[in-house]
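Let's take a walk through a protein model together. Keep the sequence and the 3D view open, and pause whenever you want to find a residue for yourself.

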Amino acid sequence: MGVIGLDKIKTLQRNPANIRNLCILAHVDHGKTTLADCLVANNGIISSRLAGKLRYLDSREDEQVRGITMKSSAISLHYSTGNQEYLLNLIDSPGHVDFSSEVSTAVRLCDGAIVVVDAVEGVCPQTQAVLRQAWLENVRPVLVINKMDRLIMELKLTALEAYTHLQKILGQVNAVTGTLFTSKVLEERAEKVKEEVHRDKDPSGDQVYDWSAGLEDADDSHLYFSPDQGNVVFASAIDGWGFSIQHFAHIYSQRMGIRTEVLLKTLWGDFYLDTKIQRIMKGAQTKGKKPLFVQLVLDNIWSLYDAVVTRRDKQKVEKVMTSLGIKVMTRDLRHSDPKVLLFAICNQWLPVSKAVLSMVCEKLPSPLEMAAEKVEKLMSVRTRRFDSLPERTQELKTAFLQCSSEINAPVIIFVSKMFAVDTKTLPQKRQRPLNQEEIAQRREVARQRHAEKLAAESLERATQSATMTSLPLKPEEEEEQKEVFIAFARIYSGTVKKGQRVFVLGPKYDPAQGLSLLPEGCSASDCIQEVPHLSCCTVENLYLLMGRELEELEEIPAGNVMGIGGLEDCVLKTATLSASPACSPFTPLYFEAAPIVRVAVEPKHPSEMPKLVSGMRLLNQADPCAEVLIQETGEHVLVTAGEVHLQRCLDDLRERFAKIEISVSKPIIPFRETVVRPPKVDMVNEELGKQQKVAVIHQVKKELPQGRSSDYQHVDPDGLVTLTTPNRLATVCVRAIPLPQEVTVLLERNSELIRALELMNSSLREGRAMDINFRILETIAELKDHLQSLLQERKWRNAVERIWAFGPRRYGPNILLNSIKDYSRPSVWQCLEWRHSNDQVRAPASPLRDFDNSIVSGFQLATLSGPMCEEPLMGVCFSVERWDVESVPFSQNSDTLKEDSVSPEALRDVSSHGNSVDATTERKMDASSVDCYGPVSGQLIAAMKEACRYAFQAQPQRLMAAMYTCEIMATAEVLGRVYGVLGKREGRVLHEEMKEGTDMFIITAVLPVAESFGFADEIRKRTSGLASPQLVFSHWEVISSDPYWVPTTEEEYLHFGEKADSVNQALKYMNAVRRRKGLFVEEKIVEHAEKQRTLGKNK
Ligand SMILES: Nc1nc2c(ncn2[C@@H]2O[C@H](COP(=O)(O)OP(=O)(O)OP(=O)(O)O)[C@@H](O)[C@H]2O)c(=O)[nH]1
Ligand SMILES: [Mg+2]
C-alpha cells in the first residue's frame, strides 16, 4: 500500500484536526481522474512517471476502455508540510451526467471539494451542477483550473491573452457561486419574515419587520474564488505542473525584496511593476503594461514550453534547468517525445500535487469545523424542522460538532452507497505469509488430493484427461467468485469497532417514536422490541478505502471515510447507523437527474430466471440511482439515468451479478397523453370553419364502442359527456379541459408537496392525530396562491377552491374539478383551514358524499392510463358538471333522496338532453333488477373512468414526449453536421453562442427522448469525436401533430391526398407504444401497389 504504512494512517485517523475529507468534482473530461493520479503518485502508490496516464482510480475495465469515470472511488493519502502531517480522504467522482448520482454519494461524505475546470472549455453544464451540489451540501470548494497547456499548445494564446481568458473563467465560476449565494440569502430572509409573522400572530400590537437583513449585509467575499485568496490553483495535470500564486509570491519576495504579503495581493490583478522606480503600481490595463501575473508567472511557463516543446532548444533548456536548480535523468533528456522532458522538468519545478494538496490542507475545513447549519440540515428530514426534533436528538448536534472519538461519544455513521467488490479482492482473502501450522495443513490436503488422483488414474486411465478438465468447481472456489457489498460511509462521531452492533435507521424512522417505545438506555446489542423503521446489525468488517484495494482495520475513529462489510442484508442503498436510537436519519441524498431510460430484461434461457432476479436485486443495491421494478405485466424493468448508464448496468448484470446471457428490449420510452384547445387553422394553415368541427365530433362518435345502447352515454357537441351506470342508478357529466401549460408545470414540480397535502388530508379525514409542519403548510398555501394567480381566466373562476383531487396516484399533474351546483365537499385545501377552525370544514352530509370516493377513484384510473395508448395523462382538467345517484338499494324511500340529491336546476338541465330523461324514467322501472350489476360504488368508479375517457376523446388529443436538453460543444467546422444530426432526430436548437476566446460553439438544444438513442454516438462519429453532447431530462412537451388527423377540408385533401400517408410523428409514437402493449393498432394497408409504383417515376 505505497510508502506510508497502515500504522501511520491509523495514527493520523485519530487526529481529526488534520483530516480532510474531500472530493474532486467537474464536468466530464475536465481531468479529475488525471489530477487524482498526480496526488496519488505523490504518495508513491503509483510511479510519478505513470501519473496522468494510468488513471489509477478508474479501476473498472469499462472505465479504462471508455475513458470516463463511472463510479466514485476513495483513497486515503498522506501529506506532510512543515511540521504538520495530514490525512486526506480523497474521492474521485464521475463527470458524465448519467452518473451524477455517484457525485451525490461522494459529496455527502465530504467537507470540501476540489472543483476542476478545463481552461479551454470553462464553465460547462456539469460544472454548474456540481457547484450547486457542493453548495446544497455545505461543502467548501477550492478551484483548480486545469489543462493550462491547451492554452499554450492548442489555442496558441500569448501569455497576456491567456491571462484575460483566465480572468473570464474565474468570472464565470464566481457568477455561478454568486447566484447560489443570492438565492440562499433571499430564501433565508423570506423564511425569517415568515417566522416573524408566525410569532406575531398573537395579538401583540404593532409589528416591525427588519427588511434590511438582506443582501447588502451578507458578507460573501470568502465564498468566491480568487488567486489572492489562495483558493485557486492553475495546473496542467497531464504535464504534472500546477501552482498557486503563493508559490510565486514566496519566490519573488526573496528574489526582489518585496514583502510576500504585498506580492500576494498584487500578483493577481491589475498591477504592474514599474522597473524605473522598482515599485508595484496599479492600472496595468490603462497604461498598457504587462500585469504582474503575466510578467512574473505566465511568461516563464510560456517560454519553457516554447524552449522544450516548440523549438526544442537544448541550450536554452539547460540554462533554464540550471537557473531553476533542476536535474533530470539523461534518458528523459534524450527522449524523442519532448513532453517527457517537459513533464520531468515541470514536475520538479512546480509539482501539481504539492500545490493542490497544500491548498486543500490550508483552505478546506477539517471534520472539526463542521458548520452547525450543515448538521441541522443533515438531521432534519424534509418535513420536519430541526427544532421540532426530540430534545435528545437535538443534543446529538454537539456530538457532530465535537467529532469526538471518545468511548462515550455516540457512534453516528452515514452510508451513502453500497458498492460491490469481488470477494477475491478482500484483504481477508489476499495471500499472506503462511505460518507453520497452515503449511502443514496444506501439505496434508495436497497429499490427499494426490492419492485421490492416483486412484482415479488407475481406475480410468483412458478417460483421465476428461475427468481432469471437467472436474467440478469445489464449493470454496465457487464462493471465491461471489460479489460482496461494502458500504461507502463516513463516521461523524464516536469510534466504530469491528463486531459492534448498531441501529440501522430507515429514512422514515422517527426518533420521537423510537425513544418512546424503547426502554431507557437500551443499546443495539440488547434484544429490542419492534420499532417501525428501526433494525440492528453488526459491523462485521471495517476497511480503509485505498482506490483499487481495501485494507482491513479493527476500529475507525470519528471524522473518517471508510468501508463497512457485512451490511448487505440490512442496508439497501443508503442508511444512517447509530449506537443511539435518538439519532434521526440523515436527509436523503439530493439527485440532480431522475432515471428515465427504461428497458425490459429477460434471460436468454427462461430457466435462468431466478439468476436474473437475484442479479437484478444485486444491481439495484450496487447502484445509487438505477431502479429495478417488476411491472404488473410481469416484466423485469430496469430504469437508468441515460444510455451510458444503461450500458454499464447491463454489463454489470451480465458479467458480475447474474452471470447469464440476457436479452434486452428496446428502451421503453415514456409518453404522456393530453388534450389541447381546438386548433384555429387546419394543416395547411387555412382558417377552420364549422365543417371541421362537425368532422371531429363525427369521428368521436364513431369511436364509441359499439353494442352499448346510446341511452347510457351521450356526447354533447361541445364535449360534455354524460354517462349512466348499467343499473341506471347513477349518472355523471364530465368535460375535459386542457390546463394552461404553466399550471401543469407547477403541479409537476410540486408533486411531492401535493403528496404531503394528500397525506395530511387523509389523516384529517380519518381524525388521526399527526404533527403538522407549519413550514409545509406555508408552502402549500403558496402553491394555492400561485395556482390562483395562474387560473385567472373567466372560465376558471373559483376553480382552485373547487379542486376535488389531483391524479393519477393522487398527486399527478391532472385536476378533478367540482363544478356541480349544490354539491359541497371538503376542499383539497382543507388542511390549511384546519389550523384556524377545527370542525367547521365538515361539509353537510349528503347521499352523494357516500360515493365521493368512487368519483375520485374513477378519475385516478382514467388519468393513470389514457385512451390513446394507455400512458398516463398530463395537464388535463376533468370538470364534473352534474352527478346524481339514486340510493334505491340502500333505502326504501328513494324518491325523497333523489330530490335531495338533484337540484331543481339540474333537473331542468336534464330536460334538455333527451337521452338523460329517458334514463331517469327508465331507472324507476327496473330499480328492482339492479342487484345483478353489483355494488353502486364499483359501477360508479367504472362509469366515471369511462366518462373521463370519452370526455378526453371529445377534445383534440395529443401525445406529450419526454424531452432532453442537451448542450453540445463543437468547433465551427463540424457545426453543420451537428445541426444535421439534430434535425434528423427532431431536435430543436434553442440557442447557440460562441465561447469567448476559443473557436468552440455551445449549442443548447432540446431533443425528444424517443429520438435520443445512439444520438451521442452519432454526433461523435459524424464530427470525428470533436463534439460530445450531454443529455439531461428536462420537461414534457406536446407533440404538435394530431395522431388521429385525417384530411377533412378541401385544401387538406389537395395538399395531402386522400390517404394522408405522409409521416405523422405522433401516430408513429402512438402505434409503437400500442404495439408494445399488445393493443389494437389500426394500420393502413397498401391497397394499390402498382399505382404507387407508377407515381415514383424517377425510380
Ligand atoms: N491537454 C491536457 N489534457 C488533459 C489534462 N488533464 C487531463 N487531460 C486529458 O483529458 C482527458 C480526460 O481526463 P480524465 O482525467 O479522465 O477526466 P475526468 O474528469 O476524470 O473525466 P470523467 O471522470 O469521465 O468525468 C484525458 O484524455 C486526459 O489525458 C491536461 O492538463 N491537459
Ligand atoms: Mg474521471
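We begin with the whole chain, then visit the two ligands, and end at one helix.

Keep in mind that this model is predicted. The protein chain has 1099 residues, of which 51% count as buried. Along the chain there are 40 helices and 34 strands. How do these pieces meet? If you take the contacts between residues at least 6 apart in sequence, 75% of them join residues at least 24 apart. The outside of the protein chain is worth a look too: about 53,300 Å² is exposed, and carbon and sulfur atoms supply 51% of that area.

Now turn to ligand 1. How many residues are around ligand 1? There are 19, and those that come nearest are K32, T33, T34, T69 and D149. Two helices, α2 and α6 (148-153), each give at least two residues to this shell. Helix α2 makes the largest contribution, with three residues.

Next, look at individual atoms. A polar side-chain atom of T33 sits 2.6 Å from an oxygen atom of ligand 1. The backbone takes part as well: a polar backbone atom of G31 is 2.9 Å from an oxygen atom of the ligand, and for H30 the corresponding distance is 3.3 Å. On its own, ligand 1 has 640 Å² of accessible area, and the protein covers 84% of it.

T33 has another partner, so to speak. Which residues coordinate the magnesium ion? The magnesium ion, ligand 2, is coordinated by T33 and T69, each through its OG1 atom, at 1.9 Å. T33 belongs to helix α2 (residues 32-42), while T69 is in the loop between α3 (61-66) and β2 (73-81), so this pair ties together parts that lie 36 residues apart in sequence. Both T33 and T69 are buried.

Our last stop is helix α1, which spans residues 6-13. Which of its residues are buried? They are L6, I9, L12 and Q13. These residues cover an arc of only 120° around the axis, which means that they are on the same side of α1. On the face turned away from that buried side you will find the exposed residues D7 and T11. What covers the buried residues of α1? Several strands do, including β1 (19-26), β2 and β3 (84-92). Strands from much further along the numbering also help: β15 (541-546), β16 (549-553) and β17 (555-557) are among the elements that cover them.

Key: Residues numbered from 1 in each chain as written. Chains lettered and ligands numbered in written order. Predicted model: local features only at pLDDT ≥ 70, side-chain atom pairs only at ≥ 80, totals over all residues. Heavy atoms only, no water. Donors = N, O, S within 2.8 Å, 3.2 Å for Na, K, Ca; no water. Helix = DSSP H or I, 4+ residues; strand = E, 2+ residues; numbered from the N terminus. Buried < 20%, exposed > 50% of the residue type's maximum accessible area, 1.4 Å probe, protein only. Arc of directions from axis to C-beta. Contact = heavy atoms within 4.5 Å. Near = heavy atom within 4 Å. Polar contact = N/O pair within 3.5 Å; in protein donor to acceptor, adjacent residues only side chain to side chain. Areas by Shrake-Rupley, 256 points an atom, 1.4 Å probe, with all protein chains shown as cover.
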